[in-house]
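Student: I would like a close look at a single part of this protein, followed outward to whatever surrounds it. Could you take me through one helix and its setting with some care?

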Amino acid sequence: RGGVDTGLSDGRTTRADQWWGKAWVRAVEESAYAEADLVAGRSLARSGGVGAIEVGPGSAVTVVEDRGGRWRVEVAVPVLDDAGADALVETVAAQSGRVTSLLAGDLPHELVEHAEEAGVELLPYGGELETTCSCEGWVDPCVHALAVLHQLTWLLEADPFVLLHLRGAGREDLLARLHARTPAAAGGGGV
């Protein structure tokens, strides 16, 4: 599946520091049924109940443990279609330093704005965050799913490629597409 296994369960707060983390948190808050669910989800995320999260194109999967048991949670995010992926590659390539910024753990605001102008939405809104949980809760997203969504904030802030991977344009794929579009690669020329 080509996922990225992450295991952040170190009791960090879910307050976002980076602008893209704050945008993700807004989407999580939009997706919640009630404020009490958000509070409970944040608490569960901080408690260490969220297991290692496997991030793949369009999904994040983990197990959440609380007093009620162990629950399998999956988060689904729409992936970019081929045209969207191509537009993202062109947007990244359009300005010097964007790849370097991404590799350094920064998601330039203007990159996201230019991607939006090209029809590519990188940051999801609340309605795009679909979740499933093996618990018997009737609210969607349930507290377990909200805990996972909050924990994803830490991952996104630490590495913006996690967001791109969720959207179907992970680090290796994006770098390969960028390399393939360079004149030396396209023309077969070289030194």
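Tutor: What follows starts from one helix, α5, and then turns to its surroundings, the cysteines and the confidence of the model. The model is a predicted one, and the protein averages a pLDDT of 87, with 88% of the residues scoring at least 70.

Helix α5 covers residues 109-117, and its buried residues are Leu-111, Val-112 and Ala-115. Seen down the helix axis, these buried residues fall within an arc of 95°, so they line one face of α5. The cover over them includes α1 (19-31), α3 (82-93) and α4 (98-103). Just after α5, Gly-119 takes a positive phi of about 90°.

One residue of the covering helices shows this packing in detail. Thr-91 has its place in helix α3, and it counts as buried because its relative accessible area is 7%, under the 20% cut-off. Leaving aside neighbours within four places in sequence, Thr-91 is in contact with Arg-98, Leu-111, His-114, Ala-115 and Ala-118; among these partners, Leu-111 and Ala-115 are also listed as buried residues of α5.

Helix α6 offers a second case of burial. This helix, residues 143-158, has 16 residues and reaches 23 Å from its first C-alpha to its last, close to the 22 Å expected at 1.5 Å a residue. Of its 16 residues, 14 are buried, so α6 is largely enclosed by the rest of the structure.

The cysteines deserve a separate word. The sulfur of Cys-135 lies 3.6 Å from the closest cysteine sulfur, that of Cys-133, which is too far for a bond, because a disulfide is counted only when the two sulfur atoms are within 2.5 Å. Cys-142 is likewise in no disulfide, the nearest cysteine sulfur, again that of Cys-133, being 3.6 Å away, and the count of disulfides comes to 0. Cys-135 is buried at a relative accessible area of 14%, and Cys-142 also counts as buried, at 8% relative accessibility.

Finally, the confidence varies along the chain. It is lowest in strand β1 (residues 4-6), with a mean of 37, and highest in strand β4 (residues 69-76), at 97. Over residues 1-14 the pLDDT is below 50, although in the model this stretch has 39 contacts beyond near neighbours in sequence.

Technical notes. Residues numbered from 1 in each chain as written. Predicted model: local features only at pLDDT ≥ 70, side-chain atom pairs only at ≥ 80, totals over all residues. Heavy atoms only, no water. Buried < 20%, exposed > 50% of the residue type's maximum accessible area, 1.4 Å probe, protein only. Helix = DSSP H or I, 4+ residues; strand = E, 2+ residues; numbered from the N terminus. Arc of directions from axis to C-beta. Contact = heavy atoms within 4.5 Å. pLDDT = per-residue confidence, 0-100. Expected span 1.5 Å × (residues − 1).
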